[in-house]
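Subject: A structure to look through

Hi,

I am passing on the structure we talked about, and my notes on it follow. Have a look at it before you read on.

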Amino acid sequence: MKKILSFAGSMKTMAVLMFVFAVSIGYATFIENDYGVQTAKAEVYAATWFEWLLLLLAINLIFNIFHYRMYQKKKILIFMFHLSFLIVLVGAAVTRYTGYEGSMHIRQGETSNSIISTETYIKAVFDDNGKKSEYKKPLFLSKMSKNSFSQDIDVDGKVVTLELLEYIPNAVYSVKTDPNGSPIASFVVTKNGSPATIQLKQGEYYESAKMVLNFGSTKSFDKPVINLFVKDGVLMMGHKMALNYVSMDDRSSAEAAPSDSEELRQRLLYSAGDFSFVLREFYAKGVETVISNPKGAPKMRNSNRDALHFLLSSENESREVFVFGVPGMVSPAEKVEIAGMKVALSYGAEYIQLPFALKLVKFDLERYPGSNSPASYASDVILIDKEQGISEPYRIYMNHVLDHRNFRFFQSSYDRDELGTVLSVNNDPGTSITYLGYLLMAIGMFGSLFMKEGRFGKLMQKAKKASQKKAALGNIASAFIAMAVLLSPSVKAEELNPVIKTVLSFDKAHAEQFGTLVVQDSSGRMKPMDTLSTEILHKIYRSDSVLGLNSNQVILGMMMRPEAWREIKVIRTSHKKINELVGNKEKDKFASFSQFFEFPDELGGYKLGQYVEEAARKAPAKRDKFDKAVLKVDERINVTYMVFSGDLLRIWPKLNDKTNKWYGTMEALKNFPADESQVIRVLAVDYFETVDSAIKSGDWKKADAALAKIAQYQKTAGAAVYPDESRISMEIRYNHANIFERLWPLYFIVGFVLLVLSFIKIIKPSFKMGFATKATYVLLVLFLIAHTAGLAMRWYISGHAPWSDGYESMIYIAWATVLAGFIFSKHSTITLAATGILTGLILFVAHLNWMDPAVTNLVPVLQSYWLSIHVSLITASYGFLGLGALLGFITLILFVIKTTKNEQIIGLSIKELNAINEMSLMIGLAMLTIGNFMGGVWANESWGRYWGL
């Protein structure tokens, strides 16, 4: 027994078990992606072998806790960390074996006290001469391997055996030839205006709203009937009305006169009025069977139902039966009789009765202003618990849960007509246990980093000693660094054009005032015109200015003088073939709007039209570089045209509009009431006329006043969604500061120069670089302050934490990288240098073309503080892990350049960097681990389920 326990608790066994566990859950992820959740549960998560694997891991962990005496006071943090895994495992077991979940659908004004289970069951209800009994068991079936299920059920002394013969996913009825079979015909008919597949056996009929297909039934009908019958193995039809038909082979058409007997031919589409049908297959002798829907089958044959082929046996009697069902849905039972008993077999979800009820008073869907994007959705309900004498109103919305009697109700979805709600319901006694495990894990992981006798503390001492020995090898003195900071390249001037003078006449001060106007984008975000101008210019030109004009001057000019701007090369092409098509030189980067049309004045003869159409028809994976380029250029042309026409500038709010939608000028003039439309007409005409006059005279005072009137109208008519003045001015400052794009070369240059000097110091210990190190440190501190200010500004502007999309994640990771560098760079100049280089590279990647820096709205489920904690920990960990990766790379370089002459100092540098590298990875791993578990908490608190399963 001692040997068994020793083997079960050994570190080798633990390593093997962890490897098997890692491979298993990784494999399960691929299974879930290819075959779905049910198969992943059947193969891994709900499999008995996986439960044993977890049990063995728990036994191994318990053995090692006692073997290494982790329960001692000096190891209390290590003990908490290891104990947390056992607690999480216990919480998971409690959830697995005692918890359940489901969904509740309630229509407005209705009351419900039941939920539909998420779990899928096989259920058998027996009726033996009035004596009823029931058998029910959760059942997970796999689509990728053979399923095994057999159960002996005692029904009042009788033994009934239920055995699964075959599991058929995505099941459909099919027909196969059988000598003992009967005639069966398969048709495609029009049903509610859409095609549907039907199957008729002899003696059956199909009745539509206006026509009947009768295959030998004896029923009488008061509608026109097409009688089907078999003659000499051929399917015939009789009809008293004329039928039109079309050949599906050559598209020829004709009319079939009324007839008592004529062959019903395949590949002919018969029709009478709005009813049509075509014979797909006919079996003179066939039997129905159930098959899995074949790949590539017509859409009308698709089925989401699964079929279970059972053998039901009792008292020397047996019956085969097919049971159809859908996981997550309550399915009708299949009724059979055996051994004098009535049996109802079903497969699918189950209704679970609750000890209380909810009444939906009203469902509210809030959208972002003027868009269809949901900002929030909520259910106003009344909690009715007669046992406890409760009848209270409650509002359930995303991340705001109703808790009652161990049940939690989450806002999940809603009906399309917005008159019904879908609530996720969870009863999980294991949640508190699991959360306790998460807390102990976080305390144990982060707490161990501060233990002096711990691994982290020893590494810190090791790095410090190596740094001190390096310093002793040479004298520390001051040295000055001379470095050049790259400035943004000047914008290439346009070729001389007669309209340039007009374009350059737009006043910068007035354009800045124009930039303070508020616009509403397609997603409903309210932002200053300055932001939209910047986004448009980046989209079409990939720069902040054109001809020395800023984005506000450019967009204002394009609106007021489209005839001038369509002649200026402002649309980025950068593709050889596109340049050839529009008459550019091969290496030109830009083209004018007019160049894309044969007849620019009428916008006729679009030169890219054919190529855009061809590219759009291709699947994204099959598009070549030219296809992608032509689609991008086409998008820029459309954006440019929308600027010319004013469609992109939704600056006019509508008084008392429930949706708070803002409109473009032409749209507002068409759709607003006459009095409002007249006000907008006066404001718009006044502004256009004063701008036109200012262009000629150079006096922009009247234009400023006209613009101020438009701004005042926005504040009055659009007060419900008009943003704070401070938020507008902050966003404009943020746009002009361009903090992150300006920081990346500064970070990189400072880090690179310091890295070069550090290598010189390693090769030549007498080289003095004390001042360089201090100067770099000061510069990085200043950069970090600016970086932090940029993040804070973006947070204030967007109203949510700045790590909700790819661009924000990158700039936040860069910030975390600098923070990680400061933590470990006290005794290491190379670490400080690596910090600058890595941060610069991360910010550089953030500003590549495929990253979108635009501030966006959040979908409702992301509006959670748990999500903020989860994402901040996860993304910050990348900074520490990335720093560790770069330090590892630099360490490898040191190994390469090490010689007998410099072995001592390089060896000390390697020891120092190796220790710092491991510390950085330890912090990164701790943050990544806790961040992942916080993601589980977010998922559980937002929709009642830990991630997907």
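Let me begin with two helices that are worth finding on your screen: helix H20 (residues 739-763) and H23 pack at an angle of about 150°, and their axes are 7 Å apart. Since angles over 145 degrees count as roughly antiparallel, H20 is therefore roughly antiparallel to H23. Their crossing is left-handed. On the H20 side the contact includes Phe740, Leu743, Trp744, Tyr747, Phe748 and Gly751, and on the H23 side the residues include Thr829, Ile830, Leu832, Ala833, Gly836 and Ile837.

Please keep in mind that this is a predicted model.

The whole chain

Here is the overall picture. The protein chain has 25 helices and 37 strands. Its C-alpha trace spans about 105 × 90 × 65 Å along the principal axes. Of its 949 residues, 47% count as buried. If you take the contacts between residues at least 6 apart in sequence, 61% of them join residues at least 24 apart.

More helix pairs

H23 also meets another helix. The axes of helix H21 (residues 770-798) and helix H23 (residues 829-846) come within 11 Å and cross at roughly 35°. This crossing, too, is left-handed. The contact is made by Thr773, Thr776, Tyr777, Leu780 and His787 of H21, together with Thr829, Leu832, Gly836 and Leu843 of H23. You may recognise Thr829, Leu832, Gly836 and Leu843, as these residues of H23 also take part in the contact with H20.

Another pair to look at is helix H10 (residues 529-541) with helix H15 (residues 625-645), which pack at an angle of about 140° with their axes 9 Å apart. H10 and H15 are therefore oblique to each other. H10 passes H15 in a left-handed crossing. H10 brings Ile536, Lys539 and Ile540 to the contact, while H15 brings Glu635, Arg636, Val639, Thr640 and Val643.

Helices one by one

I also went through a few helices for their length and their buried residues. Helix H2 (residues 11-35) has 25 residues and reaches 35 Å from its first C-alpha to its last, close to the 36 Å expected at 1.5 Å a residue. Buried in H2 are Thr13, Leu17, Ser24, Ala28 and Ile31. Just after H2 comes Gly36, with a positive phi of about 105°.

Helix H5 (residues 76-98) has 23 residues, and its first and last C-alpha atoms lie 32 Å apart, close to the 33 Å expected at 1.5 Å a residue. Its buried residues are Leu77, Phe79, Met80, His82, Ser84, Leu86, Ile87, Val88 and Gly91. What do the buried residues of H5 pack against? They pack against helix H4 (48-67) and H6.

That leads on to H6 itself. At 1.5 Å a residue, the 18 residues of helix H6 (residues 431-448) should span 26 Å, and the end C-alpha atoms are indeed 26 Å apart. Among the buried residues of H6 are Thr431, Thr434, Gly437, Tyr438, Leu440 and Met441.

Two single residues

Finally, here are two residues to compare. Is Gln411 buried or exposed? Gln411 is buried, because its relative accessible area is 2% and buried means under 20%. It sits in strand E26 (residues 407-414). The side chain of Gln411 makes a polar contact of 2.6 Å with the side chain of Ser379. A polar atom of the Gln411 side chain also lies 2.9 Å from the backbone oxygen of Ser413. Leaving aside neighbours within four places in sequence, Gln411 is in contact with residues including Phe363, Tyr377, Ala378, Ser379, Ile396 and Tyr397.

Pro332, on the other hand, is exposed, with a relative accessible area of 68%. You will find Pro332 in the loop between strand E19 (317-325) and strand E20 (334-338). Beyond its neighbours within four places in sequence, Pro332 is in contact with Phe324, Leu345 and Ser346. The C-alpha atoms of Pro332 and Ala344 are 9.2 Å apart, and these residues are twelve places apart along the chain.

I hope you enjoy exploring it.

Best wishes

Terms used:
Residues are numbered from 1 along each chain as its sequence is written. This is a predicted model: local features need pLDDT of at least 70, side-chain atom pairs count only at pLDDT 80 or more; totals for chains, interfaces and linings use all residues. Side-chain values use heavy atoms; hydrogens and water are left out. Helices (H or I, at least four residues) and strands (E, at least two) are DSSP runs, numbered from the N terminus. The expected span of a helix is 1.5 Å times one less than its number of residues. Buried means under 20% relative accessible area, exposed over 50%, partly exposed in between (1.4 Å probe, protein chains only). A polar contact is a pair of N or O atoms within 3.5 Å; within protein, one must be able to donate a hydrogen and the other to accept it, and residues adjacent in sequence count only if both atoms are side-chain atoms. Contact means heavy atoms within 4.5 Å. Axes are lines fitted to C-alpha atoms, for helices over the stretch in contact, and angles run from 0 to 180 degrees between N-to-C directions. Angles under 35 degrees count as roughly parallel, over 145 as roughly antiparallel, 65 to 115 as roughly perpendicular and the rest as oblique. A crossing is left-handed if the near helix is turned anticlockwise from the far one by less than a right angle, and right-handed if clockwise.
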